[in-house]
Amino acid sequence: MSAAGDRLQDTARKAALALPGVSHGRPFTPGLDVYKAADKVFLIVTDDPDEQIITVKCEPEHARALERGYASITPGRYLDKRHWISLGPGRGITKQLTDDVVEHSYDLVVDTLPKSERP
């Protein structure tokens, strides 16, 4: 079953908050909910009801494969389009896929941290 926009956003928020050492806030604008691991962004969730998307960090090759496989996955908004993707509600965007991309994004960020700073 595909996720509607509000479910996509709620699923992403829950997945992020279940990970160790995650903080969140609205450092850029009131409409963007930002999730970080050790002050490094790994998830952005919009609050705009007309643009219900999430944006996550992704390895470039994996990102291009996801973009080819899902019409509602596009190069990331707000950030480097090579290393970030945005997911909107649509065919094939499931809870499992959402959980997977959030966890993958978190892992990419955590892997860049010095071991002493990793959650």
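Aspartate 99 is buried in this predicted model, since its relative accessible area of 12% falls under the 20% limit that defines a buried residue. Its side chain meets that of lysine 95 in a salt bridge, with 2.7 Å from N to O, and lysine 95, by contrast, is exposed, with a relative accessible area of 52%. Both aspartate 99 and lysine 95 belong to helix α3, where they stand four residues apart, about one turn of the helix.

Beyond this pair, salt bridges that share partners join Asp10, Arg13, Arg26, Asp33 and Asp47 into one network, and a search of the whole structure gives seven salt bridges. Within the network, aspartate 10 forms a salt bridge with arginine 13, and their closest N and O atoms are 4.0 Å apart. Because aspartate 10 and arginine 13 are three residues apart in helix α1, which covers residues 5-17, about one helical turn separates them. The burial of the two partners can be read from their accessible areas: aspartate 10 has a relative accessible area of 39% and is therefore partly exposed, whereas arginine 13, with 17%, is buried.

Helix α2, which covers residues 60-69, holds another such arrangement, in which glutamate 67 and arginine 64 are three residues apart and so are separated by about one helical turn. The side chains of glutamate 67 and arginine 64 meet in a salt bridge of 2.7 Å, N to O. Arginine 64 has a relative accessible area of 24%, which means that this residue counts as partly exposed.

Returning to helix α3, which covers residues 95-111, we can turn from salt bridges to a cluster of like charges. Asp100, Glu103, Asp107 and Asp111 gather there in a patch of negative charge on the surface. Aspartate 111 lies in helix α3, and because its relative accessibility is 53%, aspartate 111 counts as exposed, the limit for that class being over 50%.

Which residues make up the aromatic pair, and how are their rings arranged? The structure holds one aromatic pair, formed by phenylalanine 42 and tyrosine 106 in an edge-to-face arrangement, with 5.3 Å from centre to centre and 80 degrees between the planes. This pair links distant parts of the chain, for phenylalanine 42 lies in strand β3 (residues 40-46) and tyrosine 106 in helix α3, 64 residues apart. The angle places the pair in the edge-to-face class because planes over 60 degrees apart are counted that way. Both phenylalanine 42 and tyrosine 106 are buried.

The loop between β2 (32-37) and β3 contains alanine 38, and aspartate 39 also has its place in the loop between β2 and β3. The backbone deserves attention here: alanine 38 has a positive phi of about 50 degrees although it is not a glycine, and aspartate 39, likewise a residue other than glycine, has a positive phi near 65 degrees. As for their surroundings, alanine 38 has a relative accessible area of 29% and is therefore partly exposed, while aspartate 39 has a relative accessible area of 65% and so is exposed.

Notes. Residues are numbered from 1 along each chain as its sequence is written. This is a predicted model: local features need pLDDT of at least 70, side-chain atom pairs count only at pLDDT 80 or more; totals for chains, interfaces and linings use all residues. Side-chain values use heavy atoms; hydrogens and water are left out. Patches are made of residues with over 30% relative accessible area and no salt bridge: like charges are joined within 9 Å, nonpolar side chains (Val, Leu, Ile, Met, Phe, Trp, Tyr) within 5 Å. Accessible areas come from the Shrake-Rupley method with a 1.4 Å probe; for residues, only the protein chains shown count as cover. Lys and Arg count as positive and Asp and Glu as negative; His and the chain ends are not counted. The place of a charge is taken as NZ of Lys, CZ of Arg, CG of Asp or CD of Glu. Helices (H or I, at least four residues) and strands (E, at least two) are DSSP runs, numbered from the N terminus. Buried means under 20% relative accessible area, exposed over 50%, partly exposed in between (1.4 Å probe, protein chains only). Rings of Phe, Tyr and Trp (its six-membered ring) pair if their centres lie within 6.5 Å; planes under 30 degrees apart count as stacked, over 60 as edge-to-face and the rest as tilted.
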